[in-house]
Amino acid sequence: MSLRKTLPVLAAALALAAFPVRAQDNSSDPDVATKLVDTMNKLFGQHAGFRANHAKGVVATGTFVGAPEAASLSRASLFLGAKIPVVVRFSDATGLPAVPDGAGDANPHGLAVKFKLPDGSETDMVTNSLPFFPVRTGEEFLALLTAVGSSPKDAPKPTPLETFVASHPSVPAALGALRTPDSFLHEQYNGVNAFILVNKDGARQAARYVFAPREVVHLEAADAAQKPADFLADDLAARLRQGPGTFTLKAQLAEPGDDILDGSKPWPKERKLVTLGTLTIEALSPDSLEAQKKLLFLPGALTDGIEPSGDPLVDVRDGAYAVSFARRNP
C-alpha cells in the first residue's frame, strides 16, 4: 500500500501518542490495545527500540510551578506552588523514526510531561496538537487503522477508509486544523480526554488540559516541506541554549451538558480556562535517544487530586502504550 497517500489522515488519527502492561503476541484473541499496536506495526513497520506511534521525539528536562488559582480546583501536590522537576518529550506522529519534521505525516505533534512529585511518585500528562480526538473509542480507532490498511492506492472506490471517514465526521473535523509549527515551543498541545480535578474540600470539576505557548506560529505546508528533516529538534536545541522555553498549563472547565466521556466532542470555545501553572523547558537530555526508549508516559497515571472521568480512551491508551513499551524494551 502507499503510506504516503494514507498517512495524512492516519497521522492525525494517531494522536494517542507513542503507544507504549504486557505484550500479548501469543494470544489468540488479543485485546484492543494490543491489536492497535499490532496494526500500527504493520502500517509503519516495527523499528527496534522505537514507539509504535510518535516514534520520533526528543527528551528535555525542566520544572513546573503551580499557580495560586490551581489549588482551588485540585489538591494535587503538583498544583501547590512548589517547584516540581519534570521530564518532557516532544514528538512527531507516525511510527517512522525518520519521518521529516516538516512532513504533513508528522502532524499532530506531541508533548508528554512526567511530573516528579515531592513524595517520590510520578504523574503524567500526554497531550498533542489535535483540537480533539478523531474517534470516541479504542474500537473505533482500531477500525480506522484497519480501514487505512485496507485502502491501498488501487483499492476500489469508495475505499474502506473513505467509507469510514464518511460515517465518522469527527475524523475530518479533527484533522482540519493541523499545521506544522515553526518550533516545538510554538505549538499548543491539548489533552483530548477529560479528568476530574478534586480540591481539598472534595469539590469535583471535570476539565481538559491545554499547554499554551507564549505564541503559536505555524508554517505553510510548502514551507514546512522545505525544512531540514530534523529542524524541530535542532530548533529546540538552539532555543534552549539561549534560555528556557515556557508553556502555561490551563484547565478548560466543563459545564453541565458537556460530554466528558467522548474525546471526539470538543467543548464550546467559551468554556472558562483557568491557569494551573507554568511549565519551563530548560535543557535537552544529553542521552535523549536512549532516555526516550525507557520512558513510559501514561495518561492514566494520576495522583491524589486528579481522578478519571470515565472516558474509555484513557484505559485503551494506557494499555497500548504499555504494549509498545514492552516491545521496545524486550
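# Exercises on a predicted model

T94 lies in the loop between β2 and β3, in a chain whose coordinates come from a predicted model. The exercises below start from this residue and work outwards.

**Exercise 1.** Determine whether T94 is buried or exposed, and state what is notable about its phi angle.

*Solution.* Begin with the accessibility: the relative accessible area of T94 is 0%, and since buried means under 20%, T94 is buried. Then turn to the backbone, where phi of T94 is near 85°, a positive value in a residue other than glycine. A second case can be worked in the same manner, for H54 has a phi near 50°, again positive in a residue other than glycine. H54 is placed in the loop between α2 and β1 (57-66), and with a relative accessibility of 1% H54 counts as buried.

**Exercise 2.** Find which residues are joined by the cis peptide bond whose omega is about 0°, and which by the one whose omega is about -5°.

*Solution.* For the omega of about 0°, the cis peptide bond joins N107 and P108, and P108 is found in the loop between β2 (83-91) and β3. For the omega of about -5°, the cis peptide bond joins K157 and P158, and P158 has its place in the loop between α3 and α4.

**Exercise 3.** Describe the surroundings of L111, stating in which strand L111 is found and with which residues L111 is in contact once neighbours within four places in sequence are left aside.

*Solution.* L111 is found in strand β3, which covers residues 110-116. Its relative accessibility is 0%, so L111 counts as buried. With neighbours within four places in sequence left aside, the contacts of L111 are V88, R89, F90, M125, V126, T127, Y189, F211 and L279. As a check on distances along and across the fold, L111 and L302 are 191 residues apart in sequence, while their C-alpha atoms are 17 Å apart in space.

**Exercise 4.** Carry out the corresponding analysis for W267, asking where in the chain W267 is found and whether W267 is buried or exposed.

*Solution.* W267 is found in the loop between β8 (245-253) and β9 (273-284). The relative accessible area of W267 is 6%, and W267 is therefore buried. Beyond its neighbours within four places in sequence, W267 is in contact with A194, A206, A207, R208, Q252, L253, A254, D258, D259 and I260. In the C-alpha comparison, W267 and G257 are ten residues apart in sequence and 9.6 Å apart in space.

**Exercise 5.** Characterise the packing of α2 against α3, beginning with how the axes of α2 and α3 cross.

*Solution.* The axes of helix α2 (residues 32-44) and helix α3 (residues 138-149) come within 10 Å and cross at roughly 20°. Angles under 35 degrees count as roughly parallel, and α2 and α3 are therefore roughly parallel to each other. Their crossing is left-handed. On the α2 side the contact is made by V32, K35, L36, T39, M40 and L43, which meet G138, E139, F141, L142, L145, T146, V148 and G149 in α3. Sorted by class, the residues of this contact of α2 with α3 are eight nonpolar, four polar and two charged.

**Exercise 6.** Treat the packing of α2 against α9 in the same way, and state at what angle α2 and α9 pack.

*Solution.* α2 and helix α9 (residues 312-328) pack at an angle of about 55°, and their axes are 8 Å apart. That angle makes α2 oblique to α9. The crossing of α2 and α9 is right-handed. The contact is made by V32, A33, T34, L36, V37, D38 and N41 of α2 together with V316, G319, A320, V323, S324 and R327 of α9. By class, the contact of α2 with α9 has seven nonpolar, four polar and two charged residues.

**Exercise 7.** Work out how α3 packs with α4, giving the angle and the separation of the axes.

*Solution.* α3 and helix α4 (residues 160-167) pack at about 145°, with axes 7 Å apart. α3 passes α4 in a left-handed crossing. The residues E140, A143, L144, A147 and V148 in α3 meet P160, L161 and F164 in α4. By class, the contact of α3 with α4 has seven nonpolar, no polar and one charged residues.

**Exercise 8.** Place these details within the whole chain, asking how its radius of gyration compares with that of a compact globule.

*Solution.* With 330 residues, a compact globule would have a radius of gyration near 20 Å, and the chain agrees with this, having 19 Å. Its C-alpha atoms fill a box of roughly 60 × 45 × 40 Å along the principal axes. The secondary structure comes to nine helices and ten strands, and buried residues make up 55% of the 330 residues.

Technical notes: Residues are numbered from 1 along each chain as its sequence is written. This is a predicted model: local features need pLDDT of at least 70, side-chain atom pairs count only at pLDDT 80 or more; totals for chains, interfaces and linings use all residues. Side-chain values use heavy atoms; hydrogens and water are left out. Axes are lines fitted to C-alpha atoms, for helices over the stretch in contact, and angles run from 0 to 180 degrees between N-to-C directions. Helices (H or I, at least four residues) and strands (E, at least two) are DSSP runs, numbered from the N terminus. Angles under 35 degrees count as roughly parallel, over 145 as roughly antiparallel, 65 to 115 as roughly perpendicular and the rest as oblique. A crossing is left-handed if the near helix is turned anticlockwise from the far one by less than a right angle, and right-handed if clockwise. Contact means heavy atoms within 4.5 Å. Ala, Val, Leu, Ile, Met, Phe, Trp, Tyr, Cys and Pro count as nonpolar, Asp, Glu, Lys and Arg as charged, and the others, Gly among them, as polar. The radius of gyration is taken over C-alpha atoms; the globule rule is 2.2 Å times the number of residues to the power 0.38. Buried means under 20% relative accessible area, exposed over 50%, partly exposed in between (1.4 Å probe, protein chains only).
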